[in-house]
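Trainee: I would like a close look at a single part of this model. Please take one helix and follow it into its surroundings.

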Amino acid sequence: MSDWLRLRVPFMYDLLDHLKHYQAPKNLNFWYFFGALSLLVLGNQLLTGIWLLMYYTPTAADAMASIEFMMREVNFGWLFRYLHAAGASFFFVVVYLHMYRALLYGSYKAPREILWLSGCVMLLLLMAEAYTGYVLPWGQMSYWAARVITSLFKTIPVIGEPLVLLIQGDYEVSEVTLHRFFSFHVVLFPLIILGFVFFHTLCLHAVGSNNPDGIEIKDNLDAQGKPKDGVSFHPFYTVKDVMGVGIFLFIFLSVVFLAPRGWGLVLEPENFEIANPMVTPLHIKPSWYLAPYYAILRAVPDKSLGAIAMFASLLMFFLLPWLDRSPVRSMRYKGPLSRITLGLFTVSFLGLLIVGCLPATYWATFSARIFAILYFSFFFLMPIYSYYDWHKVPPSRLTI
Amino acid sequence: MSEVDLKKRRLLQSAGAWGVLGIVGAAVPFLQSLNPSRVTRLKGMPVEVDVSNMSEGQQKTVMWRGKPVWIIKRSKEMLASLDVLQGNLRDPGSESSSQPSYAQNQYRSVDPNYLVLLGVCTHLGCAPTYRPEKGAIDSEWQGGFFCSCHGSKFDLAGRVFDGVPAPTNLEVPPYHFKDGALVIGEEGE
């Protein structure tokens, strides 16, 4: 039976074999949970999304009413909505931690550039997916977030205006825009994201996982050609990931059940009011996961330059494999300069995140400028400090 | 390596069992939400119909749970026709048909004067038409229901004729009379 199928659907067996026998470094720590966790959250978003779709109406008149109906009348409708909304926030939490792991251990460096780049593309796709989803309830924040973000594209010279008209399908964000964002959110972006997830995993299995020591386990093979420091993905990491999933679910579900609005970070009170094109809410703030880039936009006192700085802050990630000229990968063996700059980058990213959520007062703007300078310095100065730093020599075999 | 550590094995098995339990528990809300919501269930509540001013032979159609329900006030003559036809019926005693116990009689009703039926053909769900005129469908037609989709025929008690596609008699919904009004969708006390 198994041979009968193996002859007819060989790729499925190859995939299963790969999942089972994939040689992973034996010293992966908790930082390596977040890849599996992002898959878990993706599954949560897909499943709850399918259920939400059974009750949601994408029209300006009925969008909010249909969600209200879902919350009050549909059996467990509230649960799917809270799982989906909190899921979006937790998606960014695990993806940011997943990326931070790459910064710590140099997982973006050769030969993993394509792996890193495909992940960066997925970050942008995830933002587009989150943004279009945010518009769907058609509350005040949905509407004004849609207006502010589409306006950003107007700053592009020459093609800006016609491009925004093309995206909106109307002279201003309207029901036409809502309809197409619905289509993007439900079909277009998820399809592309799923494609990239597959591609990302294929790339990973081609080059192999990095590890906290940042050395290649493929350099030390045994007589059978297996890495001496490698273990089979199953059962070693499937079981370990199950534990990570357990811890994650405990935290995630605590928010879903005990604080479903996430203290205004998951669902904002302003968005419980229906969209009104005539009145802007007093304090417009982006979702927390977009706040760092929004803070950079606000920090620059020029419309076009601000938009450029904001897009640049995201594009910086793409350049990382070529900015880092360090001979070692992992922070364990990099020198003090690299460690201090990564620390400053961490502070500046979190700082931007916080001030991006605050009203644009003098001190908020001032600190946003300081943090923005630190943020960009991390990238722009990297070719210098990563090259001239005092490195240690990494071991030839994994340290546990 | 080759020896099985039973303690570990038991831990794995119980952890697996807990995991399965969790997955089953998580599936409950997803399945439960597919069931009709409270609003849908409210819309499916019993329907009350005033039948006091119906004339003999008149048909009234009301909607109950998305299906047409017919109420027909039968005349003496119509009730008499039900005795004549017995021989051509597939299920004259309504033994293999679907109706509440109080409607499993010759007239398939609580009060012989009022016939209450689901207007859904038991063949493939079309809506048959009420044809009370004698000889309307064929020369022996004593009045009844005719389904134009696939030609199924029923008598004035909704009993199916032999040799037509419909397998059973037309369904009778649960109903009762309350203070002279007809309540459809609810059993009497």
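Mentor: What follows starts at helix H10 of chain A and works outwards. Keep in mind that this is a predicted model.

Helix H10 of chain A covers residues 233-258, which is 26 residues. From first C-alpha to last it reaches 35 Å. That is close to the 38 Å expected at 1.5 Å a residue.

Now its buried positions. Tyr237(A), Asp241(A), Phe248(A), Phe252(A) and Val256(A) are buried in H10(A). Asp241(A) is in that list, and Asp counts as charged. What covers these buried residues? The cover includes strand S1 (23-25), helix H3 (33-53) and H5 of chain A.

Take one contact set in detail. Set aside the neighbours of Leu37(A) within four places in sequence. Leu37(A) is then in contact with Val94(A), Gly244(A), Val245(A) and Phe248(A). Phe248(A) is one of the buried residues of H10(A).

Leu37(A) leads on to the core. The largest nonpolar core has 31 residues. Leu37(A), Ala86(A), Phe91(A) and Val94(A) touch the most other members. H3, H5, H6, helix H9 (175-207) and H10 of chain A each give two or more residues to this core. H5(A) gives the most, with 11 residues. In soluble globular proteins, nonpolar side chains tend to be buried together. Another core lies apart from this one, with 22 residues. Its members include Leu82(B), Ala103(B), Cys121(B) and Val160(B).

Step back to the domains. The assignment for chain A gives domain 1 (19-284) and domain 2 (286-400). Their centres, taken over C-alpha atoms, are 21 Å apart. In the contact between them, 34 residues of domain 1 of chain A meet 28 residues of domain 2 of chain A. On the domain 1 side, helix H5 (77-105), helix H6 (113-135) and helix H7 (140-152) of chain A each supply at least two residues. H6(A) gives the most to that side, with eight residues. By class, the side has 20 nonpolar, nine polar and five charged residues. H5(A) therefore serves both places: it supplies residues to the side of domain 1 that touches domain 2, and gives the most to the largest nonpolar core.

Last, the contact between the chains. It takes eight residues from chain B and seven residues from chain A. On the chain B side, helix H1 (6-32) and helix H2 (38-43) of chain B each give two or more residues. H1(B) has the largest share, three residues. That side has three nonpolar, four polar and one charged residues.

Note on methods: Residues are numbered from 1 along each chain as its sequence is written. Chains are lettered from A and ligands numbered from 1 in the order in which they are written. This is a predicted model: local features need pLDDT of at least 70, side-chain atom pairs count only at pLDDT 80 or more; totals for chains, interfaces and linings use all residues. Domain bounds come from an automatic or database domain assignment. Two residues are in contact if their C-beta atoms, placed from the backbone, lie within 7 Å. Helices (H or I, at least four residues) and strands (E, at least two) are DSSP runs, numbered from the N terminus. The expected span of a helix is 1.5 Å times one less than its number of residues. A residue is buried if 20 or more other C-beta atoms lie within 10 Å of its own, exposed if 12 or fewer, and partly exposed in between; C-beta atoms are placed from the backbone. A nonpolar core is a set of buried Ala, Val, Leu, Ile, Met, Phe, Trp, Tyr and Cys residues joined through C-beta atoms within 7 Å.
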